[in-house]
Amino acid sequence: MTAVQPIPASLPAALAEPTVPVRRGWIALIFGANLGVWMAFFTPIQILLPQQVESISPVGKEGMLAVVTGFGALAAVLANPLAGALSDRTSLRLGGRALGRRHVWTVVGALLAAGSFLLLAQQRTILGVALAWVAAQLTLNAMLAALTAAIPDRVPVAQRGGVSGWVGIPQALGLVVGAVLVTTVVTGTRAGYLVVAGALLLLALPFALLTPDDPLPRTHTPPLRWRELLAGMWVSPRRHPDFAWAWGTRFLVQMGNALGTLYLLYFLQDKVHHADPEAGLLVMILLYTVGMMATAVVSGRLSDRTGRRKIFVSWAGVIMAVAALLLAAWPVWPAALVAAVLLGAGYGVYLAVDAALITQVLPVATDRGKDLGVINIANAAPQVLGPALSAPIVVHLGGYPTLYAVTAAVTLLGSILVVNIRSVQ
């Protein structure tokens, strides 16, 4: 069932395969930390950045938004695996006491990310917005690398589907909470960024301050050589084919997600002709979140009990592809509502089970942070390529029907190819 490498009992706890189930309090705190991170990721992408870009450059807003989000995603591609690799070898001491290797990245990343949002709130040019968003992406991905590694660090394999379901929910719920905050509690992009910064700190810091984080003894810390560190980012597909397939299938599904979500606000405004596109987007996000919350934890736990992962991932992709086809064929408000529910339900299953599957194909326990950072390139790279592909599709190659048809095809391909992973059922 699993490809997790056994770790000798003589190795420190930071490198050992976890065997003690995590408790509800730990799950609640990492849920909150992920809620803060994903709110900080998605609220700007879906609401604040489109509003800010449109206010600066109303003509050509699609292309300018693609530039801003593309540069931010490129920063994420670089930052996540590098931060993960550095956290794998972090061994710090404070007042003679050894610190854990992950939480320091969460704390520092949260503080710097909040500062990046304060800077973003002041920008009045596309260049300024792009640079500030790059800074936010760098620091948020440092946090994400540490939080993602916490699952294989502390959660036993038999519990990972259910825990991954809880950790996955904030990817949608964060946008809902953020959308409510920046559309109803406060108004204006500047106030929105300030609220996002405050909520990030409030939600993320308790996990780092209140949960254990096993220190890495300096005897097990390899010397930092940048050439070797960068060379280690390459994980050979020949030596680790299951890891390569997991990366490829995650990339395709996330590419479909990037293609299908970037222009939802403009889709409602320009194709569906919704009377209030911002309110309409909020409704779609709420329905999406309901669908996701209804399936994520349940499917994760069911996957844990059955020991099967791939069948859940495949069917999740099929459901998401159907949702995209609905948007392509019927760009009307009722179809958009149905698509939102289906997309959320499928993505909830996918996030919970695929996240658990990935932790079972990591090559070695000593490089968990780095290898999960490499996997996270498959999450971030589509945010670079997605805008580059979706903008010309919308403007020159058939508009939104073509965009959502391509979304369906790419998502379906990713969900089918997961059958090539051999070491996990």
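**Figure 1. Close-up of K370 in helix α14 of the predicted model.** K370 is buried, with a relative accessible area of 9%. The residue belongs to helix α14, which spans residues 368–396. When neighbours within four places in sequence are left aside, the contacts of K370 are P81, G84, A85, D88, G232, M233 and V235. One of these residues, G84, also takes part in the packing of helix α2 against helix α4, a contact presented in Figure 2.

**Figure 2. Packing of helices α2 and α4.** Helix α2 comprises residues 61–88 and helix α4 residues 126–154; their axes are 7 Å apart, at an angle of about 30°. The angle makes α2 roughly parallel to α4, since values under 35 degrees are assigned to that category. The two helices form a right-handed crossing. On the side of α2, the contact is made by M64, V68, T69, F71, G72, A75, A76, A79, N80, A83 and G84. Helix α4 contributes I126, V129, A130, W133, V134, Q137, L138, N141, A142, L144 and A145. Sorted by class, the contact of α2 with α4 holds 16 nonpolar and six polar residues, and no charged residues.

**Figure 3. Packing of helices α5 and α11.** The axes of α5 (residues 160–168) and α11 come within 6 Å and cross at roughly 165°. Helix α5 is thereby roughly antiparallel to α11, and the crossing of the two is right-handed. From α5, the residues in contact are R160, G161, G162, G165, W166 and G168. Their counterparts in α11 are M292, A296, V297, G300, R301 and D304. The contact of α5 with α11 divides by class into four nonpolar, five polar and three charged residues.

**Figure 4. Packing of helices α9 and α13.** The axes of helix α9 (residues 241–261) and α13 cross at roughly 160° and come within 11 Å. The helices are therefore roughly antiparallel to each other. The crossing of α9 with α13 is left-handed. Residues A246, T249, R250, V253, Q254 and N257 of α9 meet Y347, Y350, D354, A355, L357 and I358 of α13. By class, this contact of α9 with α13 consists of seven nonpolar, three polar and two charged residues.

**Figure 5. Surroundings of T249 in helix α9.** T249 has a relative accessibility of 2% and therefore counts as buried. With residues up to four places away in sequence not counted, T249 touches Y350, G414, L417 and V418. Both T249 and Y350 are among the residues through which α9 and α13 meet.

**Figure 6. Aromatic residues of helix α1.** The structure holds twelve aromatic pairs. In the pair of W38 and F42, the ring centres are 5.3 Å apart and the planes lie at 20°, so the pair is stacked. Both residues lie in helix α1 (residues 24–56), at a spacing of four residues, about one turn of the helix. W38 counts as buried at 11% relative accessibility. F42 has a relative accessibility of 19% and also counts as buried, because the category covers values under 20%. One aromatic cluster is formed by W38, F41 and F42.

**Figure 7. Tyrosine pair of helix α13.** Y347 and Y350 are placed three residues apart in helix α13 (residues 333–359), which is about one turn of the helix. Their ring centres are separated by 6.2 Å and their planes meet at 15°, so this pair is stacked. Y347 and Y350 are both buried. The two residues are also among those of α13 that meet α9.

**Figure 8. Backbone of H273 in the loop between α10 and α11.** The loop that holds H273 connects α10 (264–270) with α11 (277–306). Phi of H273 is near 60°, a positive value in a residue other than glycine. Most residues other than glycine have a negative phi. H273 counts as exposed, at 58% relative accessibility.

**Figure 9. Position of D367 in the loop between α13 and α14.** D367 is partly exposed, with a relative accessible area of 26%. A distance of 30 Å separates the C-alpha atoms of D367 and A132, which are 235 residues apart along the chain. A132 falls within the residue range of helix α4, 126–154.

Notes
Residues numbered from 1 in each chain as written. Predicted model: local features only at pLDDT ≥ 70, side-chain atom pairs only at ≥ 80, totals over all residues. Heavy atoms only, no water. Axes fitted to C-alpha atoms, helices over the stretch in contact; angles between N-to-C directions. Parallel < 35°, antiparallel > 145°, perpendicular 65-115°, else oblique. Left-handed = near helix turned anticlockwise from the far one by under 90°. Contact = heavy atoms within 4.5 Å. Nonpolar A, V, L, I, M, F, W, Y, C, P; charged D, E, K, R; others polar. Phe/Tyr/Trp six-rings, centres within 6.5 Å; stacked < 30°, edge-to-face > 60°. Buried < 20%, exposed > 50% of the residue type's maximum accessible area, 1.4 Å probe, protein only.
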